[in-house]
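This briefing is meant to be read with the model open beside it. It goes through the sheets, the aromatic pairs and a few residues of one strand, topic by topic.

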Amino acid sequence: MPEGDTVWNTARVLHRALAGARLTGSDFRVPQLAATDLAGWTVRESASRGKHLLLRLTAPPHATPPPDAPIGPQGGAASTQAGAAPAQGGGAAPGDDGGARWTLHSHLRMDGAWRAYAPKERWAARPAHLIRVVLRSARAVAVGYHLHELALVPTAEEESLVGHLGPDLLGTDWDPAEAVRRLAADPDVTISEALLDQRNLAGVGNLYRCEVLFLRGVSPWTPVRAVPDLAGTVALAQKLLAANRGRWTQSTTGSLRRGQTSYVYGRRAQPCRRCGTAIRKEELGERVTYWCPVCQPERPAD
């Protein structure tokens, strides 16, 4: 499942495959970028912010702005995604080599994926009709499947796409105190919904939401104000994501064996690993949640 650790891992795969490479071609299969050609552009780096992927590029010196890019107030390209706020001064800022700096943004949501292939390797990860973008270089080909929110923006304007996010659980600037502050600012929402709100902390998805609450012994329906130790909950979320950074198997139990990687997530009607009670599954908001009714008892709200 593409949660913060999966996106972090994906960014590193793309970085190893493309960082420093000059693109020999691109193929965008989304309407807003269909006419964009990145041949000759250089990949600077690949990074993640929560569940967002940021592929940072440098355009060749004197390159024309991507097709259909709105013009900024000083004649530069403002963004290729409608509605993105222009940066101060407008346009993509030039790099040290004189080329403008751009960022290709994508979001995996529930079903997106990036794969890196050798130049002549068969693209076997997903059906071809799910491909949204292909980036070619002499040493590797990156293929994006079923990507969402695909946009090409000046790097200086990345905040127009990710500035709303809370502290990144796997970021170098991770700030647990700020994450706790943001969660506590809406005390009546359930802790289950609050953990999924990327404006509070960026990177938690449904798997980690369910597992964190089980390990903390907190019912998913508990309002934020009634969570006994909000700081401890935040710390555990960061610890679990960090433990899975660098590997594709997501485990919260310490085991990487099939069927033993989670306590409650995906285990409806199976016995709780602690007390033996059948794990329950129910809709909560727009997502399903898994929990143990004995290990995570509902507490009266204050």
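Contact here means that heavy atoms lie within 4.5 Å. By that criterion T289 touches S192, R209, C210, P220, W221, R280, K281, E282 and L284, leaving aside residues up to four places away in sequence. The model is a predicted one, and the points below describe its sheets, its aromatic pairs and the surroundings of strand β10.

**First sheet and helix α1**
- One open sheet of four strands has the order β1-β6-β7-β5 and is paired in antiparallel fashion, with β1 (23–28) and β5 (113–117) as the edge strands, each of which pairs on one side only.
- Neighbouring strands of this sheet are turned against each other by 10 degrees on average, direction ignored.
- Strand β1 is joined by five bridges to strand β6 (residues 131–137), and the two run antiparallel; F28 stands opposite V133 in β6.
- Helix α1 (residues 4–18) lies across β5, β6 and β7 (141–145), and its direction makes an angle of about 30 degrees with β5.

**Second sheet and helix α1**
- Another open sheet of four strands, with antiparallel pairing, follows the order β2-β3-β4-β8, and its edge strands, β2 (42–49) and β8 (148–154), each pair on one side only.
- In this sheet the twist from one strand to the next averages 15 degrees.
- Strand β4 (residues 101–107) runs antiparallel to β8 and is joined to β8 by five bridges, and A151 in β8 is the bridge partner of H105.
- Helix α1 lies across β2 and β3 (52–58) as well, running at about 170 degrees to β2.

**Aromatic pairs and a charge over a ring**
- The structure holds five aromatic pairs, among them F214 with Y263, whose ring centres are 5.3 Å apart and whose planes meet at 25 degrees, so this pair is stacked.
- This stacked pair links distant parts of the chain, because F214 belongs to helix α5 (residues 206–216) and Y263 to the loop between α6 (230–243) and β9 (280–284), 49 residues apart.
- Both F214 and Y263 are buried.
- The rings of Y265 and Y290 have centres 5.2 Å apart and planes at 65 degrees, so they form an edge-to-face pair.
- Y265 lies in the loop between α6 and β9, whereas Y290 lies in strand β10 (residues 287–291), so the pair ties together parts that are 25 residues apart in sequence.
- Elsewhere, R245 lies over the face of W8, at 5.4 Å from the ring centre.

**Strand β10 and the annotated region**
- For "domain: FPG-type", an unreviewed UniProt entry lists residues 263–297; over these residues the chain is 0% helix and 29% strand, with the end C-alpha atoms 16 Å apart.
- T289 is found in strand β10 and, with a relative accessibility of 0%, counts as buried because the cut-off for that term is under 20%.
- Y290, which is also found in strand β10, is buried with a relative accessible area of 10%.
- Y290 and V264 are 26 residues apart in sequence, yet their C-alpha atoms are 5.7 Å apart in space.
- Beyond residues up to four places away in sequence, Y290 touches C210, V264, Y265, G266, R267, R268, I279, R280 and K281.

Notes
Residues are numbered from 1 along each chain as its sequence is written. This is a predicted model: local features need pLDDT of at least 70, side-chain atom pairs count only at pLDDT 80 or more; totals for chains, interfaces and linings use all residues. Side-chain values use heavy atoms; hydrogens and water are left out. Rings of Phe, Tyr and Trp (its six-membered ring) pair if their centres lie within 6.5 Å; planes under 30 degrees apart count as stacked, over 60 as edge-to-face and the rest as tilted. Buried means under 20% relative accessible area, exposed over 50%, partly exposed in between (1.4 Å probe, protein chains only). A charge sits over a ring if NZ of Lys or CZ of Arg is within 6 Å of the ring centre and within 35 degrees of the ring normal. UniProt positions are given in the numbering used here, feature names are shortened, and annotations may be inferred rather than shown by experiment. Two strands pair if DSSP finds at least two bridges between them. Axes are lines fitted to C-alpha atoms, for helices over the stretch in contact, and angles run from 0 to 180 degrees between N-to-C directions.
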